[in-house]
Amino acid sequence: MRTPLLAASNLAKIYVSRRGLFAPPTQVRAVDGVSLSLAKGTTLGIVGESGSGKSTTGRLLLGLETPTTGHASFAGEPMPREKTPQWRDLRKRMQLVYQDPLAALDRRLPVGRQIGEPLDIHALGSQQERIARVRELMDAVGLRPDQADRYPHELSGGQRQRVVIARAIACGPELLVCDEPVSALDVSIQAQVVNLLRDLQEKRAIAMVFISHDLKVVRNISDRVAVMYLGRIVEEGASEEIFRKPLHPYTQALVSSIPVPGTALKDRIVLHGEPPNPAARPAGCAFHPRCRFATAQCRAQNPELLDAGSDRKVACHLLGPANVTQRAAEVY
């Protein structure tokens, strides 16, 4: 793997809440010991059910939230403290693409002004250069020049998402974190936005963290995939290998649910029950209450994310590095 542009080591985020004035505080471990890296110009997909900690992980990677433990680095430098001048300057090099474009845009301002806001904030170029840059950005994402004077509510969902992407790349960032960027769009529009992101990545060598629960989209755009369950990565590897032969029982269930046109989902693995409450995590492996292969060891001991060969990592007692090949054949 190439030298990492982005790296995280044992990131954890714990939120503390209270149900009442005199109630004891409750700790919610949203992210629990996440370590990963991302090379320049590549895409890491992060998948998992709702509540698995995907979005929180993305915000920690961008430095938008401070980790409780662990640390992240960008271009070999530690992430600056939030709201410091160094942190603000780093916004030019990394950006977030939001899930809901209408909520991310100011309904009172024309979209052209909003695309140019990052240029104004960071004082990049003269006024005329900024105007030209906005036109260039709109053309890059497939928007017409006359749409610059329109307000967000006057555009379609796909057009609004293009505005959000244009604003995100205005300063020429090296990293985009895309948080469910196509989940609210129609299937045909999803394909257009995904193709747009891929084209921008190829032309500008942008690295991307693509967060989604839609495995079809992740498979199409990602070089590597990290599968999260209840705040932890349970499997990580090359996208092609993850979808060709998933090793972790949770990954197997996710991959089996991907519809194939003209084929019935007769081999789908159905997960029973809901993910556990993060404030009351079960002992041992968090997935064991829903796992069809759970053993006494799974109920008592939390598995570590270990090397499983072929540039794969798996956190499963059934798939330790010593017997990964044999056990993978048995469980899938």
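Reader: Hi! Let's start with the second largest pocket: how does its lining split by class into nonpolar, polar and charged residues?
Author: Happy to help! In this predicted model, the lining of the second largest pocket has eight nonpolar, three polar and eight charged residues.

Reader: And how much space lies in that second largest pocket?
Author: The second largest pocket holds about 360 Å³. It is lined by 19 residues, and those closest to its centre are Gly-112, Arg-113, Gly-116, Ile-131 and Val-134.

Reader: Which helix gives the most to the lining of the second largest pocket?
Author: That would be helix 5, with seven residues. Helix 4 and helix 5, which spans 127-140, each supply at least two residues of this lining.

Reader: Staying with helix 4, which of its residues are buried?
Author: Val-111, Gly-112, Gln-114, Ile-115, Gly-116, Pro-118 and Leu-119 are buried in helix 4. Helix 5 and helix 6 are among the elements that cover the buried residues of helix 4.

Reader: Nice. What phi does Ala-123 take, just after helix 4?
Author: Ala-123 has a positive phi of about 55 degrees. For context, most residues other than glycine have a negative phi.

Reader: Then where does Lys-83 lie, and what is its phi?
Author: Lys-83 sits in the loop between strand 5 (77-78) and helix 2. Its phi is positive, about 75 degrees, although Lys-83 is not a glycine.

Reader: What about Asp-311: where is its place, and is it buried or exposed?
Author: Asp-311 is in the loop between strand 11 (306-309) and strand 12 (312-314). Asp-311 counts as exposed because its relative accessibility is 53%, and exposed means over 50%. Asp-311 also has a positive phi, of about 60 degrees, without being a glycine.

Reader: Back to pockets, please. What volume does the largest pocket have?
Author: The largest pocket has a volume of about 460 Å³. Of its 17 lining residues, Arg-91, Gln-95, Tyr-98, Pro-118 and Ile-121 are the closest to its centre.

Reader: Which elements each supply at least two residues of that lining?
Author: For the largest pocket, these are helix 1 (54-62), helix 2 (85-90), strand 6 (94-97), helix 4 (111-121) and helix 6 (157-168). By class, its lining has ten nonpolar, two polar and five charged residues.

Reader: Helix 2 again! Is Gln-86 buried or exposed?
Author: Gln-86, which lies in helix 2, is exposed, with a relative accessible area of 52%.

Reader: How many residues apart in sequence are Gln-86 and Ser-222, and what is their C-alpha to C-alpha distance?
Author: Gln-86 and Ser-222 are 136 residues apart in sequence, and their C-alpha atoms are 30 Å apart in space.

Reader: New topic: where is His-288 found, and what does it touch?
Author: His-288 is in the loop between helix 10 (249-256) and helix 11 (296-300). Leaving aside residues up to four places away in sequence, His-288 touches Pro-282, Ala-283, Ala-294, Cys-298 and Arg-299.

Reader: Why does His-288 count as buried?
Author: His-288 has a relative accessible area of 15%, and buried means under 20%, so His-288 falls in the buried class. A polar atom of the His-288 side chain also lies 2.8 Å from the backbone oxygen of Cys-285.

Reader: Last one: where does pLDDT stay under 50?
Author: That is over residues 321-332, for which the model has 17 contacts beyond four places in sequence. Where pLDDT is low, the predicted coordinates should not be read in detail. The mean pLDDT of the protein is 88, and 94% of its residues reach 70 or more.

Conventions
Residues numbered from 1 in each chain as written. Predicted model: local features only at pLDDT ≥ 70, side-chain atom pairs only at ≥ 80, totals over all residues. Heavy atoms only, no water. 1 Å grid on protein atoms, 1.4 Å probe; cavity = no way out; pocket = protein on both sides within 12 Å on 5 of 7 lines; lining within 4 Å. Points joined across faces, edges and corners; volume = space filled by probe spheres on them. Helix = DSSP H or I, 4+ residues; strand = E, 2+ residues; numbered from the N terminus. Nonpolar A, V, L, I, M, F, W, Y, C, P; charged D, E, K, R; others polar. pLDDT = per-residue confidence, 0-100. Contact = heavy atoms within 4.5 Å. Buried < 20%, exposed > 50% of the residue type's maximum accessible area, 1.4 Å probe, protein only. Polar contact = N/O pair within 3.5 Å; in protein donor to acceptor, adjacent residues only side chain to side chain.
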